[in-house]
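Please take a walk through this protein with me, from the overall fold down to individual side chains. Keep the structure open beside you as you read.

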Amino acid sequence: QVTLVESGGGSVRPGASLTLSCKVSNDWQIGWFRQSPGTEREFLGAVSRSGRKISAADSVKGRFTADRDRSTAYLRLNDLRPEDTGVYYCAARFERWDSVGVDRTQYSYWGQGTQVTVSS
């Protein structure tokens, strides 16, 4: 069993930054996803077990960055825009090697989600 506990969401103005945290009970590979009302859960970024491999979705590349230490994964959100509003989830995936998954169906365990609201 893997547990993930998220924190760090909030309400901010456009252009602001936030860092989301995901405390994870082991060193499984971590992905980050976002779900807005009426949309499917979309991939944002991922970090490998070692932290050496990182992936970011084209839609947020250059603004969002995933990284981790041994017990916590992070998603650093910069230059936030109103369209970034949604519930953000971290998810864990068992990966024998040091690669990352970019599809939500590859992930077995999910955090509780944290709300990010961007408005002026």
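**A guided tour of the fold**

In this predicted model, Asp 79 counts as partly exposed, because its relative accessibility is 38%. Its partner is Arg 81: the two side chains meet in a salt bridge, with a distance of 3.9 Å from N to O. Arg 81 is partly exposed as well, since its relative accessible area is 33%. Keep this pair in mind, as we will come back to salt bridges in buried surroundings.

Let us step back to the whole chain. The protein has 11 strands and zero helices, so if you trace the elements from the N terminus on, you read β-β-β-β-β-β-β-β-β-β-β. The C-alpha trace spans about 45 × 25 × 25 Å along its principal axes. What radius of gyration would a compact globule with 120 residues have? The value would be near 14 Å, and the protein has 13 Å, which agrees. Of the 120 residues, 44% count as buried. Contacts across the sequence are well represented too: among contacts with a separation of 6 or more, 61% come from residues 24 or more positions apart.

Now look for the covalent link between side chains. A disulfide is a covalent bond between the sulfur atoms of two cysteines. The structure holds one disulfide, and it is formed by Cys 22 and Cys 90, whose sulfur atoms are 2.1 Å apart. Cys 22 belongs to strand S3 (residues 18-24) and Cys 90 to strand S9 (residues 86-93), so the pair ties together parts that are 68 residues apart in sequence. The torsion about the S-S bond is about 70 degrees, so this disulfide is right-handed. Are these cysteines buried or exposed? Both Cys 22 and Cys 90 are buried.

Next come the aromatic rings. A search of the whole structure finds seven aromatic pairs. One of them joins Phe 33 and Phe 43, which are arranged edge-to-face, with 5.7 Å from centre to centre and 70 degrees between the planes. Phe 33 sits in strand S4 (residues 29-35) and Phe 43 in strand S5 (residues 42-47), so to speak a link between distant parts of the chain, 10 residues apart. Phe 33 is buried, and Phe 43 is buried too. These two rings are part of a wider group: Phe 33, Phe 43, Tyr 89, Tyr 107 and Trp 110 form one aromatic cluster.

Arg 41 brings a charge to this cluster. The charged end of Arg 41 sits over the ring of Tyr 89, 3.7 Å from its centre. The charged end of Arg 41 also sits over the ring of Trp 110, here 4.9 Å from the centre.

That brings us back to charged partners. Side chains of opposite charge can pair when their charged atoms come close. The count for this structure comes to nine salt bridges. One of them joins Arg 34 and Asp 84, at 3.0 Å from N to O. Arg 34 lies in strand S4, while Asp 84 lies in the loop between S8 and S9, and the two are 50 residues apart. Both Arg 34 and Asp 84 are buried.

Which other residue does Asp 84 pair with in a salt bridge? Asp 84 also forms a salt bridge with Arg 63, where the closest N and O atoms are 2.8 Å apart. Arg 63 is in the loop between strand S6 (54-56) and S7, and Asp 84 in the loop between S8 and S9, so this pair ties together parts that are 21 residues apart in sequence. Asp 84 counts as buried because its relative accessibility is 2%, and Arg 63 is buried with a relative accessible area of 8%. With Glu 42 added, the picture becomes a network: Arg 34, Glu 42, Arg 63 and Asp 84 are linked by salt bridges.

We can end the tour at Arg 70. You will find Arg 70 in the loop between strand S7 (64-68) and strand S8 (72-77). Its relative accessibility is 71%, so Arg 70 counts as exposed. Gly 38 makes a useful reference point: the C-alpha atoms of Arg 70 and Gly 38 are separated by 35 Å, and the two residues are 32 residues apart along the chain.

Key:
Residues numbered from 1 in each chain as written. Predicted model: local features only at pLDDT ≥ 70, side-chain atom pairs only at ≥ 80, totals over all residues. Heavy atoms only, no water. Helix = DSSP H or I, 4+ residues; strand = E, 2+ residues; numbered from the N terminus. Buried < 20%, exposed > 50% of the residue type's maximum accessible area, 1.4 Å probe, protein only. Disulfide = S-S within 2.5 Å. Phe/Tyr/Trp six-rings, centres within 6.5 Å; stacked < 30°, edge-to-face > 60°. Lys NZ or Arg CZ within 6 Å of the ring centre and 35° of its normal. Salt bridge = Lys/Arg side-chain N within 4 Å of Asp/Glu carboxyl O. Rg over C-alpha atoms; globule rule 2.2 N^0.38 Å. Contact = heavy atoms within 4.5 Å.
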